[in-house]
Amino acid sequence: MAKTKIAYFCQSCGFESAKWLGKCPSCQQWNTFVEEIIDKGNTASVPTWKVTSNTQQRANKPIEVADITFTEEHRMQTPDKEFNRVLGGGIVAGSLVLIGGEPGIGKSTLMLQMALNMPNLKVLYVSGEESERQIKMRAERLAPLPPEGGAISSLQKETPPLGGGGACFVLCETSTQNIFKQIEALEPDLVVIDSIQTLHSSHIESTPGSVSQVRECTAEMLRFAKETSTPVFLIGHITKDGMIAGPKILEHMVDTVLQFEGDRHHVYRILRTVKNRFGSASELGIYEMLGEGLREVSNPSEILLSQRDEPLSGITISATLEGMRPMLIETQALVSTSAYGTPQRTATGFDTKRMSMLLAVLEKRCGFRLGAKDVFLNITGGIRVEDPAIDLGLAAAIISSHEDIPIPFKTCFAGELGLSGEIRAVNRVEQRIAEAQKLGFNQIFISKYNLPSGGQDKKRMDLSRYDIDIKIVSSIEEVFSLLFG
């Protein structure tokens, strides 16, 4: 009989140990080690697949950097512009993309919707969680399909000829060896795995979803993607803490990590880039969940700004950037007298420690007594913003709620607040100004340090071409004198 090896893996970070440990030496978590059986006597060959003639073979010897020939990679364009933006301009051949999100948030809907609408491409949708009938029902809801033998079919049945167009094939399988056999027979242009936690490899005897199985199945998919230049999308589960389930090395192995966020009780979903080897790692796409599937939102500023009939205190508009996209978001603040001994400090969509810093600056530099006040901050739309350019808008919202004086309509802010009360410069301020002007705002507050000379001459920054009134300020006191003076 083949010899087996027993190892212990940390379910939090994937650390391997020869014996059980109470505390993981890598991530310092307690009681996270589980026993797994690894089959070392299985000498079965690694699953093979048909390598096409245009496959690029890796060099077996070192090459000087100057001698490497490089041409810009060809990207597959999807009909979804938001998805193309998040990926950095399209799908790169041979890339391995991991998409994580809460249960029921719409990961499978997004991937199936993309698979059904890829023109002139054969897409293989591998599902280990749903049956063929379930996928067929969802596919009919997402897009109109031909009555028989059309855009979606099963590999267990006789598949009709493609006729030169694109098609989506469904395979309900969890064994990686069987999956690669069907891939070799079909030769798809794109592969979607739903989900990586349901796959299992015969080389590992542990259960599906364990650390060793997830790592081995991902490694096999990675080898397949790189050797055949076929892009592979992996759908991953997340833990109760919001992290992608499985070992942390899973995120290091893939090329791109996407996070699908949002509240299931709201219609808007956010697809955020966490890691991207082929583009920016700070892009963001916004979708609206409808009965027919996910609809891309081309202008997110319109959904993030509420329509009000009358001005209200504690509400301001801030200009932020997500990747290359400028957006205007609504920032809300509520300041009230504390009914208990300890005042509450709560922030939704914003860093609580940075909120404490803003409150300290307002109390020290401007003289507002906020130590005995309850302060609540909220970023509307259910998004989380880490851009320091919204500091000025949040500070104005806090004072507006504290003094119960509304901010004038069509006024927005773009500036970082320093510890000494100065308004610091922010990057790409001209894009923020252009976005505010496009949405019909009358004035915007920016830092004077955004000017190249540091002076008050607008022409040196070529701000005269904007129709919006640009207020150039240097300190938080100057902002308050212009707003409430």
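These exercises work through a predicted model.

**Exercise 1. Find where the predictor's confidence is low, and say how to treat those stretches.**

Step 1. Start with the whole protein: the mean pLDDT is 83, and 85% of the residues reach 70 or more.
Step 2. Look for the weak stretches. Over residues 42-59, pLDDT stays under 50. The model has 28 contacts beyond four places in sequence for this stretch. Residues 156-165 also have pLDDT below 50, with 14 contacts beyond near neighbours in sequence.
Step 3. Draw the conclusion. Where pLDDT is low, the predicted coordinates should not be read in detail.

**Exercise 2. Decide whether the faces of strand 6 are covered or open, and name the strands it pairs with.**

Step 1. Count the residues: strand 6 spans 96-101, and six of its six residues are buried.
Step 2. Split them by face. In a regular strand the side chains alternate between the two faces of the sheet. Leu96, Leu98 and Gly100 lie on one side, Val97, Ile99 and Gly101 on the other. Both faces are covered.
Step 3. Find the partners. Strand 11 (residues 232-236) runs parallel to strand 6, joined by five bridges. Here Gly100 stands opposite Gly236. Strand 12 (residues 256-261) also pairs with strand 6 in the parallel sense, over five bridges. There Leu98 faces Val257.

**Exercise 3. Classify Val65 as buried or exposed, and place it in its surroundings.**

Step 1. Locate Val65: it sits in the loop between strand 3 (33-39) and strand 4 (75-76).
Step 2. Apply the cut-off: exposed means over 50% relative accessible area. Val65 has 70% relative accessibility, so it counts as exposed.
Step 3. Add the company. Val65 forms a nonpolar surface patch with Ile63 and Ile68. Together they have about 310 Å² of accessible area.

Methods. Residues are numbered from 1 along each chain as its sequence is written. This is a predicted model: local features need pLDDT of at least 70, side-chain atom pairs count only at pLDDT 80 or more; totals for chains, interfaces and linings use all residues. Side-chain values use heavy atoms; hydrogens and water are left out. Patches are made of residues with over 30% relative accessible area and no salt bridge: like charges are joined within 9 Å, nonpolar side chains (Val, Leu, Ile, Met, Phe, Trp, Tyr) within 5 Å. Accessible areas come from the Shrake-Rupley method with a 1.4 Å probe; for residues, only the protein chains shown count as cover. A salt bridge is a side-chain nitrogen of Lys or Arg within 4 Å of a carboxyl oxygen of Asp or Glu. Helices (H or I, at least four residues) and strands (E, at least two) are DSSP runs, numbered from the N terminus. Buried means under 20% relative accessible area, exposed over 50%, partly exposed in between (1.4 Å probe, protein chains only). pLDDT is the predictor's confidence in each residue, from 0 to 100. Contact means heavy atoms within 4.5 Å. Two strands pair if DSSP finds at least two bridges between them.
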